[in-house]
Amino acid sequence: MNALIENWRTGFHIDRKVEVSIVVPLYNEHEVIMMMHERLTGVLISLGVCYELVLVDDGSRDGTPHMMNSLAKKDPAVTAVFLSRNFGKEAALTAGLEHATGEAVIIMDADLQDPPELIPKMLKAWKDGADVVCMRRRSRAGETWFKRYSAHQFYRVLNAISDVDIPADTGDFRLLSRKAVNMLKQLNERNRYMKGLFAWIGLPTTVIEYDRMPRAAGTTKWDYLSLFNLAFQGITSFSTVPLRIAMGVGLLTALFGVLFTLWIVIKTLVLGDPVQGYPSLISMITILGGAQLLSIGLLGEYIGKTYYEAKQRPVYLVRDIVSRRHAARAAASANAEAQTAATAAAAVAAAAAAITAKASTAGTKSYATYK
């Protein structure tokens, strides 16, 4: 049975154009990678489509790179992309999208919280005309109430202050058409919040609700600090409202300072009370100092983004790519080029021989005429 599947995969994936690409970023996921591969291949083979699995290692420090390498050497449908170090999930997603060749590209996590069994529904929505198919979480099993509540509120806040309508309660689990992927490749920004970029391109979108499962194995790599940094990255990448809020706080603080000063002057002139110097002075300095530091820090965040964009560093660097299918195609291309070169050389040799023969015949005729 395994031999039949291997033969089917080899011919199917090397000779035909890829219809569906599955992009999976991985970071220390050795406990679940084999289970993920088995479930994905089971679903995709049953659909009868030509597919590829683009696995991107984001600088893992466990057995993930070794297992990816083994899968890529055994399964011609697997392309293993190894980044030179840990660049973050957004960079790993970018690398996966740039190496995917399918007409439809599906992004999912390796932990199987996003069930591969939903792929047929996503493909149906794509064939019905959607360029982006978002998977909205109806429920989130295995997560704390605080994480569910904070994620729910974050999407509402982000949509309220952003110029882009980002689908609420959706993660990275989604389908992108080839048109959508090509558009995303044109976005060269270094500070990337992929959920916002998916919405920014503005193509026809279909939303499908589903129930998210607990992790199949392993532990999450996202602590609350990492989630906060990602949320802040999303807000500052798609909105300048925080800067306007900081300006508003500065104006209110200045207005409060003016009113407080007037109150002290009027109180002293009318009532004759002495000025309460030390407590009022310390209070004003504290309020103004806090507002100024907050505004400067927020402004520095935006300036920092401009600084990184100005340096034009690549989003990621690839250390190695392992793929039987790509190697077979490269070998076939090299053979075709060698055959073309041999044919051209034979044609040149034949032409040279014809010219030589013609010259010899002409020389013989001239000699006969002379005689």
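Which side chain meets R138 in a salt bridge? I opened the notebook with that one, keeping in mind that this is a predicted model.

**Entry 1: R138 and its partner**
I looked up R138 and found its side chain in a salt bridge with that of D211, at 3.2 Å from N to O. The pair links distant parts of the chain, with R138 in strand β5 (residues 132–140) and D211 in strand β7 (residues 205–212), 73 residues apart. I then checked how open the two are to solvent. R138 counts as exposed because its relative accessibility is 51%, just where the cut-off of over 50% matters. D211 is partly exposed, at 33%.

**Entry 2: the other salt bridges**
I searched the whole structure and got 10 salt bridges. As a reminder to myself, side chains of opposite charge can pair when their charged atoms come close.

I picked out R39 and E117, whose side chains meet at 2.8 Å, N to O. R39 sits in helix α2 (residues 33–47) and E117 in the loop between β4 (104–107) and α5 (119–127), so this bridge ties together parts 78 residues apart in sequence. Both partners came out as partly exposed: R39 has a relative accessible area of 29%, and E117 has 44%.

Next I went to K195 and D172, which form a salt bridge at 3.6 Å, N to O. K195 belongs to helix α8 (residues 194–200) and D172 to strand β6 (residues 170–177), so the pair ties together parts 23 residues apart in sequence. Are these two buried or exposed? K195 is buried at 7% relative accessibility, and D172 is buried too, at 5%. I also noted that K195 and D172 belong to a network of salt bridges with K89, D109, D114 and R212.

**Entry 3: a cavity**
How many cavities of 30 Å³ or more does the whole structure hold? My search found one, with a volume of about 50 Å³. I listed its lining as T94, L97, E98, V181, L184, K185, R192 and M194. Helices α4 (89–99) and α7 (178–185) are the elements that each give two or more residues to it. By type, I sorted the lining into four nonpolar, one polar and three charged residues.

**Entry 4: a nonpolar patch**
Last, I turned to the surface. A nonpolar patch of about 910 Å² is made by L252, L255, V258, L259, L262, V265, I266, L269 and V270. I followed up on V265, which is found in helix α10 (residues 241–271). V265 is partly exposed, with a relative accessible area of 42%, so it passes the patch cut-off of over 30%.

Definitions and conventions
Residues are numbered from 1 along each chain as its sequence is written. This is a predicted model: local features need pLDDT of at least 70, side-chain atom pairs count only at pLDDT 80 or more; totals for chains, interfaces and linings use all residues. Side-chain values use heavy atoms; hydrogens and water are left out. On a 1 Å grid over the protein atoms alone, a cavity is a set of points where a 1.4 Å probe fits but cannot get out, and a pocket is an open set with protein on both sides within 12 Å along at least five of seven lines; lining residues have an atom within 4 Å of a point. Grid points are joined across faces, edges and corners, and a volume is the space filled by probe spheres set on the points. Helices (H or I, at least four residues) and strands (E, at least two) are DSSP runs, numbered from the N terminus. Ala, Val, Leu, Ile, Met, Phe, Trp, Tyr, Cys and Pro count as nonpolar, Asp, Glu, Lys and Arg as charged, and the others, Gly among them, as polar. Patches are made of residues with over 30% relative accessible area and no salt bridge: like charges are joined within 9 Å, nonpolar side chains (Val, Leu, Ile, Met, Phe, Trp, Tyr) within 5 Å. Accessible areas come from the Shrake-Rupley method with a 1.4 Å probe; for residues, only the protein chains shown count as cover. A salt bridge is a side-chain nitrogen of Lys or Arg within 4 Å of a carboxyl oxygen of Asp or Glu. Buried means under 20% relative accessible area, exposed over 50%, partly exposed in between (1.4 Å probe, protein chains only).
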